Amino acid sequence: MTPNLRTLTTFWQTWSNRLGFENPLLNKELRSRMRGRRWVFILTLYLALIAMAILSLYLAFSSSSSFYTDERQWMGKAVFGLVVGLQALLVSFITPALTATAISGERERQTFDLLRTTLLRPRSIIFGKVSSAVAFVLLLLIASFPMQALAFLLGGVAPSEFFISIAMLLVTTLVYASIGIMISTFLKRSLTAIVVSYALILVIFFFVPILFWTFTGISSSILFSTPTPASPTREVLFYLAIGILLCLNPISAAVFSEYNLIENQRLWLVEIPLQNGSSVTLPSPWWIYLLIFSLLAILFLYIATWRVRRVDP
Amino acid sequence: MSVIIEIVKLTKRYGKKLAVNDLSLQVETGAIYGFVGPNGAGKTSTMRILCTLMHPTTGTIRVGGYDVLKNPRDVRRLVGYMPDFFGVYDDMTVMEYLDFFAACYDLPAQQRASINTDLLALVDLSHRANDMVDNLSRGMKQRLALARTLAHDPQVLVLDEPASGLDPRARVEIRELLVELARMGKTIFFSTHILADVAEICTHVGILEGGKLVASGNLNEMQRQLMPQRTLSIKLIGSLEQAQAVLGNIPGVLSVIPYEGGTTEPDSVHLRVAFGGTDTDVSDILQALVMAKLRVLHFTEDMRDVESIFLQATQGKVT
Ligand SMILES: Nc1ncnc2c1ncn2[C@@H]1O[C@H](COP(=O)(O)OP(=O)(O)OP(=O)(O)O)[C@@H](O)[C@H]1O
Ligand SMILES: [Mg+2]
């Protein structure tokens with residue numbers, strides 16, 4: 001597999017150069033990462049983990065099972081969910097560490113000043129660092145596709161579910177990567193940059209939703225404690241708040257979207273019945289999640305670029 | 001001669017600390033300009049501003065007519081900067097390292113290959129092209145760093161202590177390289193503590209102290225400015241009193257000091273004569289001694305070395 005990836009890297013370098021969008025930093029990072037043996041170790045460990053998880057799931061349920069379609073479909077869903085969960089775990093663990101060391105590492109090696117005196121643009125520095133990290137994570141994700149395909153063999157999983165999972169994983173990777181690199185431009189030491197990046201990720205993905213939940217929790221108590229039927233406006237506002245809450249975290253967004261897909265066969269929209277018999281239609285959380293967090297990633301990347309462009313005062 | 005680097009009323013403060021104080025100087029195209037001064041004089045600060053890594057507090061620098069504040073990218077194109085440290089990527093070969101920086105200057109891959117080969121040959125590292133950068137010796141790293149600054153064929157080289165930490169041979173090699181580069185038409189602006197280097201290769205010198213330029217210009221002019229007197233070292237056989245009497249009568253002789261130590265012969269006398277005069281006057285002194293029947297063993301003029309110029313110019317202020 002190693003030689004093939006090297007060929008791929010060389011191919012990429014040749015063509016990006018020929019077409020005029022060569023990024024020296026990206027090429028360098030790709031080459032050094034492929035040269036090291038560490039990534040082979042990470043890849044093997046990660047694939048072994050997924051294989052073991054699927055195997056234990058299979059052993060746990062195959063004893064009771066005959067091959068009824070229902071049961072097989074359930075099994076397919078379980079395998080799919082398991083693999084996506086492990087992919088998400090991998091993304092969360094690896095991505096921030098990959099980019100949080102990007103700029104602080106250059107500072108520690110004293111190469112940052114060298115880069116800044118060249119004609120390499122700040123946005124190319126950020127793009128090179130982030131895209132090499134994302135490419136590496138993407139490689140790991142793709143490597144787990146064959147095992148994920150087992151779910152399709154068993155049935156019960158639609159292609160749309162697969163594409164949504166990939167889109168959400170990629171956007172999440174991008175957000176992690178951009179948080180990492182942004183923090184990296186502020187801090188001098190790589191180790192602190194990694195710790196602070198994970199902390200900021202926890203804040204964004206868990207602390208903010210909890211704050212939001214506390215806020216809507218109050219509004220729901222107002223809504224349901226009133227003896228008279230609540231006004232439709234207040235009810236809609238309440239569902240809207242819940243909806244936003246679901247979009248703030250990838251797990252809740254994914255779980256609710258999946259539920260909506262299974263129960264109501266709706267991919268893009270959610271229809272919620274109101275107390276007065278009418279109903280309100282809201283967007284499904286998964287694509288709102290994609291939207292919000294893509295924008296957030298762009299914001300972080302923008303801040304990082306601004307930090308790199310800044311000349312010492 | 002046209003001016004390529006123009007430092008204009010440059011001031012740099014770090015908080016309250018004044019690092020560069022209203023510094024103005026000009027470097028001519030093709031010059032080898034030695035920037036000397038005690039530790040903390042502000043040399044690195046000036047160079048970092050020149051290389052667009054840092055903003056000045058007030059004032060500015062122009063390189064080839066481009067202002068570091070207004071046209072930093074044009075300045076970067078003209079300048080090759082070698083800082084006083086060596087930035088290593090530990091997982092790269094020498095060739096890859098050079099190629100990476102060449103690519104950062106937007107050179108297309110086809111050109112890079114031949115340029116890199118030439119540069120490695122120039123700094124005499126061709127045989128190490130496929131070694132890891134990390135494994136090079138200090139002198140080799142320094143030469144590689146020099147090659148790196150040349151990747152985009154800049155007109156100006158800004159080198160911060162290029163010879164620090166090198167053994168005498170490596171220092172001489174770097175020195176020869178600089179001369180070679182100057183011959184290729186590059187302007188070299190470099191800082192150093194090694195005054196022998198300055199004496200050997202510089203066409204121009206600037207002495208900085210406490211962020212201020214205390215002396216500058218052509219090395220010979222500076223010698224004349226700062227040290228109008230010459231020193232003669234004379235050894236002869238005969239009596240000290242007679243020699244002093246003869247020398248004392250010659251106009252232009254400022255002082256005659258017997259020199260202690262070093263002599264083993266019982267009859268010989270060693271003198272140091274401070275003197276202000278022309279070359280003809282110097283030969284007249286010798287003639288006077290011979291006429292007085294004093295047996296001259298040794299008669300030379302002490303080199304007015306850069307070291308003493310440096311000490312004369314700087315006051316040893318603590319910065
Ligand atoms: N980042 C900084 N923050 C605060 N003070 C600084 C900083 N960099 C330099 N200085 C101070 O500015 C003054 C000039 O420093 P600079 O490094 O320019 O001197 P130098 O001439 O290069 O000295 P050396 O010969 O030791 O390299 C020093 O007093 C130094 O302490
Ligand atoms: Mg310095």
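1. In this predicted model, strand E12 of chain B pairs with strand E13, which covers residues 268-275 of chain B, and the two run in the antiparallel sense, joined over 5 bridges. One of the places where this pairing can be followed is Ser255(B), whose bridge partner in E13(B) is Ala274(B).

2. This pair belongs to an open sheet of 4 strands in chain B, set out in the order E12-E13-E11-E14, and the pairing is antiparallel. Strand E12 (253-258) and strand E14 (295-301) of chain B stand at the edges with a single partner strand each, and therefore one side of each is left without a neighbour in the sheet. From one strand to the next, the twist averages 20°.

3. Turning to the whole chain, chain B contains 11 helices and 14 strands, and its C-alpha atoms fill a box of roughly 75 × 45 × 35 Å when this is taken along the principal axes.

4. How much of chain B is made up of buried residues? Of the 319 residues in chain B, 48% are buried, where buried means under 20% relative accessible area. When one takes the contacts in chain B between residues at least 6 apart in sequence, 68% of them join residues that are at least 24 apart.

5. As for the outside, the accessible surface of chain B comes to about 14,700 Å², and 50% of this surface belongs to carbon and sulfur atoms. Chain B carries 32 positive and 37 negative side chains, and the centres of these two sets lie 6 Å apart.

Technical notes. Residues are numbered from 1 along each chain as its sequence is written. Chains are lettered from A and ligands numbered from 1 in the order in which they are written. This is a predicted model: local features need pLDDT of at least 70, side-chain atom pairs count only at pLDDT 80 or more; totals for chains, interfaces and linings use all residues. Side-chain values use heavy atoms; hydrogens and water are left out. Two strands pair if DSSP finds at least two bridges between them. Axes are lines fitted to C-alpha atoms, for helices over the stretch in contact, and angles run from 0 to 180 degrees between N-to-C directions. Buried means under 20% relative accessible area, exposed over 50%, partly exposed in between (1.4 Å probe, protein chains only). Contact means heavy atoms within 4.5 Å. Accessible areas come from the Shrake-Rupley method with a 1.4 Å probe; for residues, only the protein chains shown count as cover. Lys and Arg count as positive and Asp and Glu as negative; His and the chain ends are not counted. The place of a charge is taken as NZ of Lys, CZ of Arg, CG of Asp or CD of Glu.
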